[in-house]
Each structure stands twice: as structure tokens, then as C-alpha cells.
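Grab a viewer and work through these short exercises. Each one sets a task and then walks through a solution.

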Amino acid sequence: MFPFLFSDMLYLQGSSPPSDMSSEQETNMEALEAIQKGAASKPIFSQDSCVTFTVLGASGDLAKKKIFPSLCNLFEKKILPPTCRIIGYARSSMTVQQLADKSNPFMKAKNKDVLSAFWKQVSYVAGTYDTADGFIKLNDHIAEIEAKHGGEKRFRLFYLALPPSVFIPVCTQLKHNCWLKSSVTECRVIVEKPFGRDLESSNELAQAITGLFNEEEIYRIDHYLGKEMVLNLLILRFGNELFRTVWNRERIASVVITFKEPFGTQGRGGYFDTNGIIRDVMQNHLLQILCLVAMERPVSVDASDIRDEKVKVLKFIKPLDLDDVVLGQYIGNPEGPTDDSKLGYRDDPGVPDDSKT
């Protein structure tokens, strides 16, 4: 519904299609190029629309590393409507300047004028996730912005950069206190991974959220799909004649998917010890890559057709046996070049000394 969210990562360098391509190949190439360019080339908002983008969990790691940098890039490319305002919401009592200080090191935009102009579009509201007071204050703040900027259409977007444990109370408060639906106002809730801890909790979340919102009001996102490398897989597989003809089981013996990060938990140990890297990365990010690598060519580049091919791959994967899995925790390197590299997983203050995660 809103594929532009991370379109700052979708500007990829692609080669021109060969001159001897068939009309079918040309059509497919055009569709793949559309994925490359992303929806940024076709904004869904008119320039006088009033758009508020609320980041719930604004003080968290995901917001500072991914959400605010992506929004800033959209702002720099003038993809966001001039009337778009961004609101941070979290339990922490903080200022916009403090939010900027946390996020700026992760910004692609380094121009001070761009960063200054971006943060002028941002405001912050502090409140809890399970009581009405904060959300009433949030709604009043959004209404004030809408009254000031006007516009023929109003869009309220709520991004849940939060752990799944608070999805239900947050969605409930949003529905009761911030949700408007009229001929001039539309609302959407954007749900970030991980979507639950296991099948039971995932089903519980799905039932609760779909009980509050219509399906077209829900946008589920895995931000990893916006990475340039991941997006290039579609182009590499189905838009490149050289690879398309040899990408099959007769010519590929094995595929190794490696996920590496040059840093540790950095204070996020409490979250990781509860969820674990398997839930946090493997069952969403890496499974998405696996599906893109292994799936058959979709009928079209429509989201539902790509999803159908991914589901076919997942249905053919046999359940894992623990005897076939090697688990472990990283340790620090006493001679590491940075303080972070000298710390092991259990050195994080949020991780118990006897952790088995």
C-alpha cells in the first residue's frame, strides 16, 4: 500500500536492456526497472495533501538507524509532500534535538542544511503505550498540524517500530484515540517485524490487529527488503539473461547465506535475550532472501504474485532438526580495535550471566 517508505534504497544502477530482446522480455524488463526505481517516481500523495508520519518507538534502535534516516532521504529527494510532518512518539522524555543527535550518525545525508531542514519537520510526543493519555495528546498534536496545514486530503501513517509485545495495546489505543476515517482522511498502521514470538503469538497478533483495522489499513513491512542488495536479487535473477538461464538446480550445487554485523548488541541485550537472533533475523530477513534466491519466476511483479512464489518455496522446506543446527554466542576480542569489539554477548548489561540464547 505504501511501498515508498524505504524508496531511498531503491535507486539502483541497472544496465540497459539488450537490443534483441523479445517484446515479452522487454515487458518484464520494464516491470523490473519499475522495482528498481521504486514507487518514489510515482508519489501517491498530491502536493497539497497533509501527511503526518508518526514513528512509535522513536527513541529505539530501529528508528534511529533505519526509519529516520530513510525519511530524511525521502525528504532530501523531495519525495515527501511539502506539508508532510513527522512525529516521534515514545515513553522517553526527550527533545527533537536529542532525537536528532541519536539519529544523525546514521543519516546518508551529511549536508548540515538538509539535516537542519529535515529536523524542523519533526516533533516529539512522550507517552506510554498502554494508556489513553499519551495517545489523546498525540491525536491533539496531529489535529493541530492538520488544522495549520489544511490540504484537500489528510493521511495519518503510524509506524510501529516496537517489539511485538506492545503491538496490541498500541493498536488498540490508536484505533480508539487517533483513528479517523472520512472522505478526506485516511489512516494506515505499518507493522514492523518480528510479528510475534511463535506461531501462537503470531496468530494472536493477527487476530487482534485484523479485528481493529481493515486489511487495506494494515501494511506489514520487513525493512530488509528495502536493502539495495536484496532488491538487486530480482533484477539479477529475472532481468539478466546470463544468470536467468543458469540459475537452477542443475548448475548450482549449494547456496550459502551469510549474515554479518561489525558490532555487538550495544545495549540491546535485553531484547535479544528474549527473542534471540533466530527470531530477530533468520525467520524474517534471511528467509526473505532464501525465497528470492530459490523461488520460480513470478507471473508478474505484482506483490501477490511474488508472495505466491515465496510461499511455494517455504512449503517445500523441511522442518529443521536441532541435531542439524550449530548454535553459539559471540565472545569479545581482548585485542579488538574498538571498545565494542572487546565485549562479548554476556557482557551486555541486559544479558544474564547464565544466558543460553
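**Exercise 1: the two sides of a helix**

Task: work out which residues of α5 are buried and how they sit around the helix axis.

Solution. Start with the list: in this predicted model, the buried residues of α5 are Gly 134, Phe 135, Leu 138, Asn 139, Ile 142, Ile 145 and Glu 146. Buried here means under 20% relative accessible area.

Next, look down the axis of α5: the buried residues fall within an arc of 135°, so they line one face of the helix. The general rule behind this is that an α-helix has 3.6 residues a turn, so residues three or four places apart point the same way.

Now flip to the face turned away from the buried side of α5, where you'll find Asp 133, Glu 144, Ala 147 and Lys 148 exposed.

Finally, ask what does the covering. The cover over the buried residues of α5 includes the strands β1 (50-56), β2 (85-90), β3 (122-126) and β4 (154-160), plus helix α6 (167-177).

**Exercise 2: length and exit**

Task: check the span of α5 against the expected one, then find what phi Gly 150 takes.

Solution. Helix α5 runs over residues 132-149, which is 18 residues. From first C-alpha to last it reaches 26 Å, close to the 26 Å expected at 1.5 Å a residue. Just past the end of α5, Gly 150 has a positive phi of about 65°.

**Exercise 3: zoom out**

Task: put α5 in the context of the protein chain.

Solution. Count elements first: the chain has 11 helices and 6 strands. Then burial: 43% of its 357 residues are buried. Last, the surface: about 19900 Å² is exposed, with 54% of that supplied by carbon and sulfur atoms.

Methods: Residues are numbered from 1 along each chain as its sequence is written. This is a predicted model: local features need pLDDT of at least 70, side-chain atom pairs count only at pLDDT 80 or more; totals for chains, interfaces and linings use all residues. Side-chain values use heavy atoms; hydrogens and water are left out. Helices (H or I, at least four residues) and strands (E, at least two) are DSSP runs, numbered from the N terminus. Buried means under 20% relative accessible area, exposed over 50%, partly exposed in between (1.4 Å probe, protein chains only). Accessible areas come from the Shrake-Rupley method with a 1.4 Å probe; for residues, only the protein chains shown count as cover. The expected span of a helix is 1.5 Å times one less than its number of residues. The arc is that of the directions from the helix axis to the C-beta atoms. Contact means heavy atoms within 4.5 Å.
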